[in-house]
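Morning, everyone. Let me put the structure up, and then I'll walk you through the parts I picked out.

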Amino acid sequence: MSIRVLPYDGPPHPRRRLDLLHPPAAHAPYALCFVHGGGWRAGEAAQWHRQMRRAGARGVISASLGYRVGERLPALLDDVADGYRRLLTHLDERGLGELPVFLVGSSAGAHLATLLSLSPNGLEPAGCVSVNGPGASLRPWPGMDPEIRAAVEHLAGGDYAAASPAHHADPATAPPMLFIVVGKERFFPHEHVRELAATLPGARVVLLPGAEHGFFYEPGSKDSARAQAEIDVFIAEVLRG
């Protein structure tokens, strides 16, 4: 199955594009929208290609959003919002405008996907899956990894509240959320994730004891299979209402 590249509307930039896989026999009752990690300073949409092909084999339309790594938070959020809108336009042009879309992000991508889901931007994803994300706050904490600290300081530009998902969490408007954390986490404290989940109705936190940060890009591992099973249950529950 081929992966197409679609540029976003607005300012042209090599990173402002999404990778789209629309299988010829798409039949799943939802679509997936992936956001890559890389410490907000690195990474690319292609990191999700293996998961996209796995989803395509199951009849799922999927996209992976690019964004201008290394920029400050407002630019990154603009990019992922524009990418999400581009996916919605693609679906609408094919008579699939009512198809529920679920965001899935890993690490920094989980942070951006969570902010996109919680911010009052009118996009309203059907649900959001955060894998290895930072949780409630990006304010510096004791023992914070030095590279993550430097990346967050640049990202936030001093406005840690705006960069922290808990600042945007509104139980009345938040979509369903699933948080997946790993036993071998190196960057983001589990308690921050649980703190955010506690503010969101019905949000669940799933721990994979043997998994490492960034594990979910590879769909063939045992931990990835378990995470996928949790995501499948989450999506099925949301679709049932």
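I'll take the sheet, then its central strands, then the cysteines, a ring cluster and two single residues.

Some ground rules. This is a predicted model, where local features need pLDDT of at least 70 and side-chain atom pairs count only at pLDDT 80 or more, while totals for chains, interfaces and linings use all residues. Residues are numbered from 1 along each chain as its sequence is written, and side-chain values use heavy atoms, with hydrogens and water left out.

Start with the sheet. Eight strands make an open sheet, in the order β1-β2-β4-β3-β5-β6-β7-β8. Pairing is mixed. The edges are β1 (4–7) and β8, each pairing on one side only. From one strand to the next, the twist averages 20°. On terms: two strands pair if DSSP finds at least two bridges between them. Helices (H or I, at least four residues) and strands (E, at least two) are DSSP runs, numbered from the N terminus. In general, strands of a sheet pair through backbone hydrogen bonds, parallel or antiparallel.

Now look at β3. How many of its residues are buried? Five of its five. Buried means under 20% relative accessible area, exposed over 50%, and partly exposed in between, with a 1.4 Å probe and protein chains only. Both faces are covered. A31, C33 and V35 sit on one side, L32 and F34 on the other.

β3 has neighbours on both sides. Five bridges join β3 to β4, and the two run parallel. C33 has A63 as its bridge partner in β4. Between them, the chain goes from β3 through α1 to β4, a right-handed β-α-β crossover. Right-handed here means that, with the strands pointing away from the viewer, the path from the first strand over the helix to the second runs clockwise. On to β5. Again five bridges, again parallel, this time between β3 and β5. A31 is matched with V101 there.

What does α1 lie across? β2 (17–21), β3 and β4 (61–65). The helix runs at about 35° to β2. Axes are lines fitted to C-alpha atoms, for helices over the stretch in contact, and angles run from 0 to 180 degrees between N-to-C directions. Contact means heavy atoms within 4.5 Å.

Further along the sheet, β5 (101–106) and β6 (127–131) pair in the parallel sense over five bridges. Then β7 (177–184) joins β8 through six bridges, also running parallel. L178 has R204 as its bridge partner in β8. The chain crosses from β7 through α7 (190–198) to β8, and this crossover is right-handed.

Cysteines next. How many disulfides does the structure hold? Zero. A disulfide is a pair of cysteine sulfur atoms within 2.5 Å. For C33, the closest cysteine sulfur is in C128, 9.9 Å away, too far for a bond. C33 is buried, at a relative accessible area of 0%. C128 is buried too, at 0%.

Now the aromatics. The structure holds nine aromatic pairs. Take W48 and F216: edge-to-face, 6.0 Å centre to centre, 70° between the planes. Why point at this pair? W48 lies in the loop between β3 (31–35) and α1 (49–57), and F216 in the loop between β8 (204–212) and α8 (222–240), so the pair ties together parts 168 residues apart in sequence. Both rings' residues, W48 and F216, are buried. Ring pairs also link F34, W48, F215, F216 and Y217 into a cluster. The cut-offs: rings of Phe, Tyr and Trp (its six-membered ring) pair if their centres lie within 6.5 Å; planes under 30 degrees apart count as stacked, over 60 as edge-to-face, and the rest as tilted.

Two residues to finish. S106 is in β5. S106 is buried, at 1% relative accessibility. Its bridge partner in β6 is V131. Not counting residues up to four places away in sequence, S106 touches V35, H36, G37, W48, V131, N132, G214 and Y217.

Last one: P165, in helix α6 (165–168). P165 is buried, with a relative accessible area of 1%. With the same sequence neighbours left out, P165 touches residues including H111, T114, L118 and L196. The C-alpha atoms of P165 and L118 are separated by 7.3 Å, and these residues are 47 apart along the chain.
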